[in-house]
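Please open the model in your viewer and keep a selection command at hand. The tour moves from one selection to the next, and each stop says what is there.

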Amino acid sequence: MVKFERFTLNNGLRVLIHEDHATPMAVLNILYDVGARDEDADKTGFAHLFEHLMFGGSVHIPNYDTPLQRVGGENNAFTSNDITNYYITLPAVNLETACWLESDRMLSLAFNEKSLEVQRNVVCEEFKQRYLNQPYGDVWLNLRPLAYHTHPYRWATIGKELAHIENAKMEDVKAFFQRFYHPANAILVLAGNVYPEQALPLIEKWFGSIPAQPKPARNLPREAPQTEARRQTIKAKVPQDSIYIAFHGLDRLDPDYHAMDLITDLLSRGQSSRLYQRLVKEKGWFTEVNAYISGSIDPNLLVVEGKPTANITMEQAEEALWAELKALKDELVPEPELQKVKNKTESLIVFGKMSILDKAMELAYFELLGDAGQINNEKDQYLQVTPAHIQQVAQQIFRAENSSTLIYLAVNDELE
């Protein structure tokens, strides 16, 4: 059981405090309710760009890392299509330093052309190295727009194209910050060796005076149900052929979400999973095969991917994957097989609650979803999934007209 206290400051900042006196450390985690889905279609990559800009210094603190390192702290951040999350881990006795640092960049991030140019170049290089110049690096740049035609999930967190970051203007950057990076659009979680009666006044002191702003309205276009199978084939300089089949799945708050997640575990978690046992170990048709969900708040993609061996045609590989999906639709999964993946999931959830950083991030995320208290119900929601439930969700998702198939065919210089 993860216990916490919830407060809301007058400016709209939601605050959660979780005590864990088994550690001398504390975590200050701030989740901003902004991700790539909140960007304009012709100005993508801004949420990720801001992940970098927020470390470029604020008005009163030109160097973010130096004062934090002096008090034994570490920090990092990540961006997704749904959220941007920043966190600091440091000795609890130095908590005020974390409050000072985070509040100053929320209130008065330093905007200057030099910082923008530096971070823009960093992001552009990341785009080139990770997505353009790496084998299979552009999978999501191709798969997302194949599967999504309307919803802003149709572009990746890094952005739709490099030019959007290269051409980012200062006025656009400022407008994005002013709209999303303020107390009413943030959730602050403090976890670790802290006491609410001491920590809350610190948070009030450093965050309470930041001016209130209205929470931005979000009215995203809904993706229409897919009515026919989609396909794209790309010839690329990759080590071997590869196939990706993406299905439209369920959103994070759907009652069937946990069954969908367990389906991917049944298919590919570990060497005893169905896809590994049957297609890698027994038949030897694939060198590797995986299944996973995108983990997004709005309706997910469930992706099945694999790299067939050289003696297997792409048609045979695709047929083999569909055969395994059909088995989940046609036959009830044996209870012991389902229990095995439930046990693994339960272990991950339990072990995750041993880390104050993991607890802080999970509390913030569940609060964003509607109630941080749901962190304590997550395990039971997985354990309650039945074989019939698995079959029902598989039948709902694994339909040909609901699929988008991306195929990479390996080419080499000699063939060009």
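Begin by selecting D33, D38, K215 and R218, which are linked in a network of salt bridges; bear in mind throughout that this is a predicted model. Within that group, show K215 and D33 as sticks, since their closest N and O atoms are 2.8 Å apart in a salt bridge. The pair links distant parts of the chain, with K215 in the loop between α8 (196-207) and β7 (230-236) and D33 in the loop between β3 (25-32) and α1 (46-53), 182 residues apart. Is each partner buried or exposed? K215 has a relative accessible area of 39% and is therefore partly exposed, whereas D33, at 6%, counts as buried.

Next, select helix α3 (residues 95-108), where R105 and E102 lie three residues apart, about one turn of the helix. Their side chains meet in a salt bridge at 2.8 Å, N to O, and both residues are buried. Then move to D265 and R269, whose salt bridge has its closest N and O atoms 3.6 Å apart; here D265 is buried, with a relative accessible area of 7%, while R269, at 25%, counts as partly exposed. A search of the whole structure finds 24 salt bridges.

Now turn to strand β2 (residues 14-19) and select H18. Because its relative accessible area is 6%, H18 counts as buried. Follow its side chain to the backbone oxygen of K3, which is reached at 2.6 Å, and then display the wider surroundings of H18, whose contacts beyond four places in sequence include V2, F4, L190, V194, K359 and L363.

From there, select Y32, F50, Y181, L188, L190 and F207, the residues with the most contacts inside the largest nonpolar core, which has 57 residues. Centre the view on L188, which touches, among others, L13, V15, L28, I30, I203 and F207. A second, separate core of 39 residues includes L250, L275, L328 and V333, and these four make a convenient selection of their own.

Finally, zoom out to the protein chain, which has 15 helices and eleven strands and whose C-alpha trace spans about 65 × 50 × 40 Å along its principal axes. Its radius of gyration is 23 Å, which agrees with the value near 22 Å for a compact globule of 416 residues. Of those residues, 54% count as buried, and among contacts between residues at least 6 apart in sequence, 81% join residues at least 24 apart.

Notes. Residues are numbered from 1 along each chain as its sequence is written. This is a predicted model: local features need pLDDT of at least 70, side-chain atom pairs count only at pLDDT 80 or more; totals for chains, interfaces and linings use all residues. Side-chain values use heavy atoms; hydrogens and water are left out. A nonpolar core is a set of buried Ala, Val, Leu, Ile, Met, Phe, Trp, Tyr and Cys residues joined through side-chain atoms within 4.5 Å. Buried means under 20% relative accessible area, exposed over 50%, partly exposed in between (1.4 Å probe, protein chains only). Contact means heavy atoms within 4.5 Å. Helices (H or I, at least four residues) and strands (E, at least two) are DSSP runs, numbered from the N terminus. A polar contact is a pair of N or O atoms within 3.5 Å; within protein, one must be able to donate a hydrogen and the other to accept it, and residues adjacent in sequence count only if both atoms are side-chain atoms. The radius of gyration is taken over C-alpha atoms; the globule rule is 2.2 Å times the number of residues to the power 0.38. A salt bridge is a side-chain nitrogen of Lys or Arg within 4 Å of a carboxyl oxygen of Asp or Glu.
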